[in-house]
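Please open the model in your viewer and keep a selection panel at hand. The tour proceeds stop by stop, with a selection to make at each one.

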Amino acid sequence: MALPPVLRDRLRLPVVGSPLFIVSGPELVIAQCKAGIVGSFPSLNARPVSQIVHKTNNRLEEDVALCAKYKVPVVITSLGAREDVNRAVHGWGGIVLHDVISSFFARKAVEKGADGLIPVAAGAGGHASELSPFAMIQELREWFDGPIALSGAIANGRAVLAAQAMGADLAYVGSAFIATQEARAVEGYKEMIVANGGEDIVYTNLFTGVHGNYLRPSVVAAGLDPDHLPQADPSKMNFASGGNQSAKAWRDIWGCGQGIGAVKSVPTAGELVARLSAEYEAAKRELAQKTSFTAGAPLAFAAE
C-alpha cells in the first residue's frame, strides 16, 4: 500500500517528529512542519496531536472533539487502540497511526481500524519494546502492507534510510528534537542529551508502570540507583499523575532514546532537519556504491 498523499507528497524527508510529552509545543511543531517533516505533539501537553487512549486519560473525548473541529489530518494514538476514536478520525477524513510494541498489539490495532503502525522498537525514547527493529519490521511486513513509521534510536540521516531499507516508510524521531532550541525541555535536559550516549540510557517500568527508556543521570539526580530499580505493578499505571514515585516521569526523570550519541549540540529544529536531510542524501549515495557490485549478473571471482 502506498503512503497516503498527506504523508507522501509534502515531505522533504521521510520523518515524523514524535509527540514528546511536556516537551513538544506549537513552536517546535511549527518549526518541524516548516522544515518539511511531520510535526506532532501530545494533546495532554495542552494543560487545564497524539492521543493517549488508555483508560487513565480522562480527557480523551474532549481532545478528539477538538481534533474533529480542526480536521487534524494525522492522529497518533497509543496505549490501547479504540474503534470509536478511529471511526471519528476517519469521519473527518483523517488517518490514524497507532504505536505498538509487538506484532500482537499491531494486529489488534489494525483490526480496530488503525491505518498505519508505529513500531516502537528497542532503544526508543520513553515507552518502548525490547524487540529489535529488524525483528519488528520483519514480522509486521509478513502481514501488513500499510504505512509504517519506525521508532527506535533514530537520530541521523543514515538511520532514516536504514529504517526504509528494513521495510518502514517513515522514520519516527523524538529524542534528537528534545535538544533543539524550540523544544520546551529545560536546559539541563537538553545539555544532558548532548553530554551522554546510548550507554547512559536505563530501561525500567518503575515510573509509569510501562517499560521505557530514561536518561541515567536524571535517575541518579532523583536520588535513585539506576542499577537497582524495583519493578512497578503494571496494573497501577497512571499517565495522568506522571508515575508512581515522588520523582515524576517526565518532569524529573527524563525520557530519552539510545540514539543520542549523534546529538552534539542544541540547534534549531530547522537546522536539525537540514542535518538529517544532508546525511540521508549522503547515505543514499554511499549505499548505492556499496550495493552496485550486486547489480546484474553474478560476479565470478578468479582464484589467485
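Which residues does G198 touch, not counting residues up to four places away in sequence? Select G198 together with Q258 and I260, for these are the residues that G198 touches beyond that sequence window, where contact means heavy atoms within 4.5 Å.

Before continuing, note the conventions. This is a predicted model, in which local features need pLDDT of at least 70, side-chain atom pairs count only at pLDDT 80 or more, and totals for chains, interfaces and linings use all residues. Residues are numbered from 1 along each chain as its sequence is written, and side-chain values use heavy atoms, with hydrogens and water left out.

**Stop 1: the loop at G198**

Remain on G198, which lies in the loop between helix 9 (187–195) and strand 9 (201–204). Helices (H or I, at least four residues) and strands (E, at least two) are DSSP runs, numbered from the N terminus. Draw a distance from the C-alpha of G198 to that of I260: the separation is 6.3 Å, although the two residues are 62 apart in sequence. G198 counts as partly exposed because its relative accessibility is 27%; buried means under 20% relative accessible area, exposed over 50%, and partly exposed in between (1.4 Å probe, protein chains only).

**Stop 2: confidence**

Colour the chain by pLDDT, the predictor's confidence in each residue, from 0 to 100. The chain average is 89, and 86% of the residues score at least 70. Then select residues 240–244, where the pLDDT is below 50; this stretch has 16 contacts in the model beyond near neighbours in sequence.

**Stop 3: helix 2 against helix 11**

Two packed helices are described by the angle between their axes and the distance between the axes. Select helix 2 (residues 26–35) and helix 11 (residues 269–291), whose axes come within 8 Å and cross at roughly 35°. The axes are lines fitted to C-alpha atoms, for helices over the stretch in contact, and angles run from 0 to 180 degrees between N-to-C directions. On the helix 2 side, show L28, A31, Q32 and A35; on the helix 11 side, show A269, G270 and V273. These residues make the contact, which by class has five nonpolar, two polar and no charged residues. Here Ala, Val, Leu, Ile, Met, Phe, Trp, Tyr, Cys and Pro count as nonpolar, Asp, Glu, Lys and Arg as charged, and the others, Gly among them, as polar.

Within helix 2, centre on A31. A31 is buried because its relative accessible area is 15%, and its contacts, leaving aside neighbours within four places in sequence, are with E182 and A269.

Move next to Q32, also in helix 2. Is Q32 buried or exposed? Q32 is buried, since its relative accessible area is 1%. Outside the four-place sequence window, Q32 touches G17, I37, V38, G39, S40, F177 and A269. The C-alpha atoms of Q32 and V15, 17 residues apart along the chain, are separated by 9.8 Å.

**Stop 4: N86 in helix 4**

Select N86, found in helix 4 (residues 83–91). With a relative accessible area of 3%, N86 is buried. Display V96, A109, K112, G113 and A114 as well, as N86 touches them, not counting residues up to four places away in sequence.

**Stop 5: M166 in helix 7**

Go to M166, placed in helix 7 (residues 157–166). M166 is partly exposed, at 23% relative accessibility. Residues up to four places away in sequence aside, M166 touches P133, F134, I137 and L150. Add A135 to the selection: its C-alpha lies 9.7 Å from that of M166, with the two positions 31 residues apart along the chain counted as their separation.

**Stop 6: two positive phi values**

Most residues other than glycine have a negative phi, and most peptide bonds are trans. Select K71, whose phi is near 50°, a positive value in a residue other than glycine. K71 sits in the loop between helix 3 (60–70) and strand 3 (74–78) and is exposed, at 53% relative accessibility.

Then select A153, where phi is also positive, near 60°. A153 belongs to the loop between strand 7 (149–151) and helix 7 and is partly exposed, with a relative accessible area of 36%.

**Stop 7: cysteines**

Finally, select C33 and C67. C33 is partly exposed, at 43% relative accessibility, whereas C67 is buried, with a relative accessible area of 4%. Taking a disulfide as a pair of cysteine sulfur atoms within 2.5 Å, the count comes to zero.
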